[in-house]
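Subject: The structure for you to look at

Hello,

Here is the structure I promised to pass on. Please open it beside this message, and then read on for what was found in it.

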Amino acid sequence: MFAATFAPPRALHSIANAYQQIGLETAVANASPHKLIELLFDGFADAVARARGAMLARQVEAKGRAISHAARIVEEGLKASLNLKDGGKIAADLDALYAYIGMRLTYANLHNDAQALDECTRLMAPVRSAWAEIGPQVTAKAQ
């Protein structure tokens, strides 16, 4: 009666990626500066999780892309957004933490070390959590 046809898995993956990209672009376009940093934290966590999965699946190219993505988020997003001049000790400490995480990501990539990726996630988790926690205060202050 009806023939069910499905897109090949690769096509479904492309569709999912396009959908995810549109969702991200919409979130970024409508985001406050605080929310943009929160999106960077989320992107970092996602990239590290993808890297870990690819590492365990022995997908070298995918692992490298995901770790590179996580490192760029740290270096070009989180670290670049720090105000080292006026941020005091907190900004300096975050700068050092982000530098360390960048080194551990490189180590994880070179040595296929999932524990180094786990360490990066553990180190970033309290910063991410604290940032999310102050979100309502920042939003209230901005209004």
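Let me begin with one residue: Ile 101 is buried, because its relative accessibility is 0% and buried means under 20% relative accessible area, with exposed over 50% and partly exposed in between (1.4 Å probe, protein chains only). Before going further, please note that this is a predicted model, in which local features need pLDDT of at least 70 and side-chain atom pairs count only at pLDDT 80 or more, while totals for chains, interfaces and linings use all residues. Residues are numbered from 1 along each chain as its sequence is written, and side-chain values use heavy atoms, with hydrogens and water left out.

Around Ile 101

Ile 101 sits in helix H4; helices (H or I, at least four residues) and strands (E, at least two) are DSSP runs, numbered from the N terminus. Setting aside neighbours within four places in sequence, Ile 101 is in contact with Phe 44, Val 74, Cys 120, Leu 123 and Met 124, where contact means heavy atoms within 4.5 Å. Between Ile 101 and Cys 120 there are 5.7 Å in space, C-alpha to C-alpha, although they are 19 residues apart in sequence.

The overall picture

The protein has five helices and zero strands, so from the N terminus on its elements read α-α-α-α-α. Of its 143 residues, 27% are buried. Among contacts between residues at least 6 apart in sequence, 57% join residues at least 24 apart. The accessible surface comes to about 9800 Å², and carbon and sulfur atoms account for 60% of that; these areas come from the Shrake-Rupley method with a 1.4 Å probe, and for residues only the protein chains shown count as cover.

The core

Ile 101 also appears in the largest nonpolar core, which has 26 residues; those with the most contacts inside it are Phe 44, Tyr 98, Ile 101, Leu 105, Leu 117 and Met 124. (A nonpolar core is a set of buried Ala, Val, Leu, Ile, Met, Phe, Trp, Tyr and Cys residues joined through side-chain atoms within 4.5 Å.) At least two residues of this core come from each of helix H2 (33–56), helix H3 (60–79), helix H4 (88–111) and helix H5 (114–142). H2 gives the most, with seven residues. Tyr 98 touches Phe 41, Val 74, Leu 78, Lys 79, Leu 82, Met 124 and Val 127, not counting residues up to four places away in sequence.

Helices H2 and H4

How far apart are the end C-alpha atoms of H4? They are 35 Å apart, which agrees with the 34 Å that its 24 residues should span at 1.5 Å a residue; the expected span is 1.5 Å times one less than the number of residues. For H2, also with 24 residues, the expected span is 34 Å and the end C-alpha atoms are 35 Å apart, in agreement.

The buried residues of H4 include Ala 91, Leu 94, Leu 97, Gly 102, Arg 104 and Ala 108. In H2, those buried include His 34, Ile 37, Phe 41, Phe 44, Val 48 and Met 55. An α-helix has 3.6 residues a turn, so residues three or four places apart point the same way. Just after H2, Arg 58 takes a positive phi of about 60 degrees, and just after H4, Asn 112 takes one of about 50 degrees.

Charged residues

There are eight salt bridges, a salt bridge being a side-chain nitrogen of Lys or Arg within 4 Å of a carboxyl oxygen of Asp or Glu. In one of them, the side chains of Arg 52 and Asp 118 meet at 2.7 Å, N to O. This pair links distant parts of the chain, with Arg 52 in helix H2 and Asp 118 in helix H5, 66 residues apart. Arg 52 is partly exposed, at 29% relative accessible area, and Asp 118 is partly exposed at 25%.

Arg 72 forms a salt bridge with Glu 76, with 3.1 Å between the closest N and O atoms. Both are in helix H3, and because they are four residues apart, about one helical turn separates them. The side chains of Lys 79 and Asp 95 also meet in a salt bridge (3.8 Å, N to O). Lys 79 lies in helix H3 and Asp 95 in helix H4, so this pair ties together parts that are 16 residues apart in sequence.

Which charged residue is buried yet has no salt bridge? That is Asp 113, and the nearest side chain of opposite charge, Arg 104, is 4.7 Å away (Lys and Arg count as positive and Asp and Glu as negative; His and the chain ends are not counted). Asp 113 is found in the loop between H4 and H5. Leaving aside neighbours within four places in sequence, Asp 113 is in contact with Met 55, Tyr 107 and Ala 108.

Best wishes
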